[in-house]
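Got your viewer open and your mouse ready? Let's take a walk through this protein, one selection at a time.

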Amino acid sequence: MLYVHIPYCHRKCTYCAFYSTVTAEGHQAYVDALCLELKRRRHSLEKPLRTVYFGGGTPTLLSVAQLAQIVEAIRNNYDTTALEETTIEANPEDLTVAYLSDLRQLDFFNRISIGVQSFHDADLRLLNRRHDSRQAQEALENAAAAGFSNLSVDFIYGLPNQSLEAWLDNLHHLEGSPIHHLSAYSLTVEEGTMLHQQIGQGRFVPCDEDTSLSHYQALLRWAADHDFHQYEISNFARPGHMAVHNSRYWNRTPYLGVGAAAHSFDGLNRRWNVADTRRYIDSVMSGPIEHEEEELTLKDAHNEYLMTALRTVAGIDKNLVAAPFANRLQHDIQRFVTTGLILDTPTHYRPTPEGLLHADGIAAELFL
Ligand code: SF4
């Protein structure tokens with residue numbers, strides 16, 4: 001698995017707590033550094049690549065020529081003969097007919113994940129998104145017309161002032177759209193974000209828990225009625241369209257992440273590049289790539305696995321539980337089995353729909 005991080009955005013969304021930068025300069029230097037990092041770390045992944053994910057930031061802020069340069073570096077340095085899924089995250093305003101046509105010419109990406117977030121202009125303004133609802137609709141139509149047959153959209157619910165009807169209206173917009181995958185996240189207001197500050201100033205009232213829960217429950221009903229199968233708390237797919245790359249993160253598959261702030265995981269060690277584009281470029285070009293790393297203890301790895309697996313419909317695979325902790329887990333999880341939050345099957349501890357709602361709390365109680 002390969003993750004390529006493009007940290008640039010046109011502007012900062014009010015809720016965003018990711019590392020991203022809005023500078024319009026230095027993009028080509030960054031692309032050159034990325035290509036060099038891809039070459040320098042080509043031995044970090046021994047096997048043929050199965051999935052590649054360009055995430056951000058906003059990867060489609062780069063020109064198609066710059067994306068082509070990165071794709072060429074991947075093809076030159078990695079075995080791409082077994083690729084199953086190649087995703088690029090995109091913002092709607094970038095997905096013009098011409099851009100999508102050039103992207104298709106690369107003959108590399110087979111999946112686009114589009115950050116729609118809402119079809120309501122008032123929501124988009126509140127979130128400081130650059131696109132409007134018309135551009136969001138056009139982006140979906142343009143991507144399908146360009147021949148992309150695996151389209152995913154991202155939505156956020158539980159926004160300040162968002163009624164249940166407005167959220168349902170967003171979902172109704174998707175009916176008849178050519179999409180195959182939906183990621184819908186409950187808004188989390190993180191400290192340090194613009195939205196956190198605005199709420200502190202009294203400009204917006206955050207959505208209360210009951211309303212957010214009603215949005216989630218409406219989402220579950222809508223998904224079931226429209227052939228979108230939930231496979232993770234925030235992810236829904238039409239048959240055959242589960243996100244392969246993201247699902248493998250949850251199974252602790254090793255991956256290489258390149259770019260500023262990108263994380264890598266080799267099965268036991270986690271490493272992350274410096275979260276500063278200038279320092280990243282300088283270090284890649286002149287010496288050791290500036291990064292930090294930590295070795296996960298078996299206990300940390302176990303806790304991390306519980307946390308991610310309990311958010312999936314499949315649940316905890318008993319074969320992936322570290323042997324020294326298997327008996328303890330079997331014992332400790334029984335209280336959630338008794339209360340109907342977990343099903344104990346021969347192969348998995350599977351959260352029930354109610355259990356999925358409490359995934360983080362259950363995981364926290366099972367931590368070693
Ligand atoms: S586009 Fe994505 S990464 Fe960029 S500011 Fe918005 S939420 Fe953050």
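What follows is a list of stops, each with something to select and something to look for.

Two notes before we start. This is a predicted model, where local features need pLDDT of at least 70 and side-chain atom pairs count only at pLDDT 80 or more, while totals for chains, interfaces and linings use all residues. Residue numbers start from 1 along each chain, as its sequence is written.

**Stop 1: the two domains**

Colour residues 2-249 one way and 298-366 another: those are domain 1 and domain 2. The bounds come from an automatic or database domain assignment. Taken over C-alpha atoms, the centres of the two domains are 29 Å apart. Where they touch, four residues of domain 1 are in contact with five residues of domain 2. Here "in contact" means that the C-beta atoms, placed from the backbone, lie within 7 Å. On the domain 1 side, the touching residues are two nonpolar, one polar and one charged. For these classes, Ala, Val, Leu, Ile, Met, Phe, Trp, Tyr, Cys and Pro count as nonpolar, Asp, Glu, Lys and Arg as charged, and the others, Gly among them, as polar.

**Stop 2: two helices side by side**

Select helix H1 (residues 27-40) and helix H2 (64-77). Helices (H or I, at least four residues) and strands (E, at least two) are DSSP runs, numbered from the N terminus. How do the axes of H1 and H2 cross? They come within 9 Å and cross at roughly 10°, which makes H1 roughly parallel to H2. Axes are lines fitted to C-alpha atoms, for helices over the stretch in contact, and angles run from 0 to 180 degrees between N-to-C directions. Angles under 35 degrees count as roughly parallel. Now show side chains: the contact includes Val-31, Leu-34 and Leu-38 of H1, and Ile-70, Ala-73 and Ile-74 of H2. By class, this contact has seven nonpolar, five polar and one charged residues.

**Stop 3: some loop oddities**

Zoom in on Gly-57, in the loop between strand S2 (51-56) and helix H2. A cis peptide bond joins Gly-56 and Gly-57, with omega about 20°.

Next, pick Asp-107, in the loop between helix H3 (97-105) and strand S4 (111-117). Its phi is near 55°, a positive value in a residue other than glycine. Is Asp-107 buried or exposed? Asp-107 is exposed, with 9 other C-beta atoms within 10 Å. The cut-offs are: buried if 20 or more other C-beta atoms lie within 10 Å of the residue's own, exposed if 12 or fewer, and partly exposed in between, with C-beta atoms placed from the backbone.

Then hop to Asn-128, in the loop between helix H4 (121-126) and helix H5 (133-145). Phi of Asn-128 is positive too, near 65°. Asn-128 counts as partly exposed, because it has 14 C-beta neighbours inside 10 Å.

**Stop 4: a buried alanine**

Select Ala-184 in strand S6 (residues 181-186). Ala-184 is buried, with 26 other C-beta atoms within 10 Å. What does Ala-184 contact, leaving aside its neighbours within four places in sequence? Light up Phe-155, Tyr-157, Leu-219 and Ser-234. Add Phe-236 as well: Ala-184 and Phe-236 are 52 residues apart in sequence, yet 8.2 Å apart in space, C-alpha to C-alpha.

**Stop 5: a three-stranded sheet**

Here's an open sheet with the order S10-S11-S12 and antiparallel pairing. Two strands pair if DSSP finds at least two bridges between them. S10 (263-265) and S12 (291-295) stand at the edges with a single partner strand each, so one side of each is left without a neighbour in the sheet. On average, neighbouring strands are turned by 15° against each other, direction ignored. Five bridges join strand S11 (residues 269-273) to S12; find Trp-272 and its bridge partner in S12, Glu-292.

**Stop 6: another sheet to finish**

The last selection is an open sheet of three strands, in the order S13-S15-S14, again with antiparallel pairing. Its edge strands are S13 (316-317) and S14 (342-344). Two bridges join S13 to S15 (residues 348-351), and Asp-317 has His-348 as its bridge partner in S15. Three bridges join S14 to S15, with Asp-344 partnering Tyr-349. A hairpin joins S14 to S15 through three residues. Finally, show the side chains of S15: Tyr-349 and Pro-351 point to one face and are buried, while His-348 and Arg-350 point to the other and are not.

Terms used:
Contact = placed C-beta atoms within 7 Å. Parallel < 35°, antiparallel > 145°, perpendicular 65-115°, else oblique.
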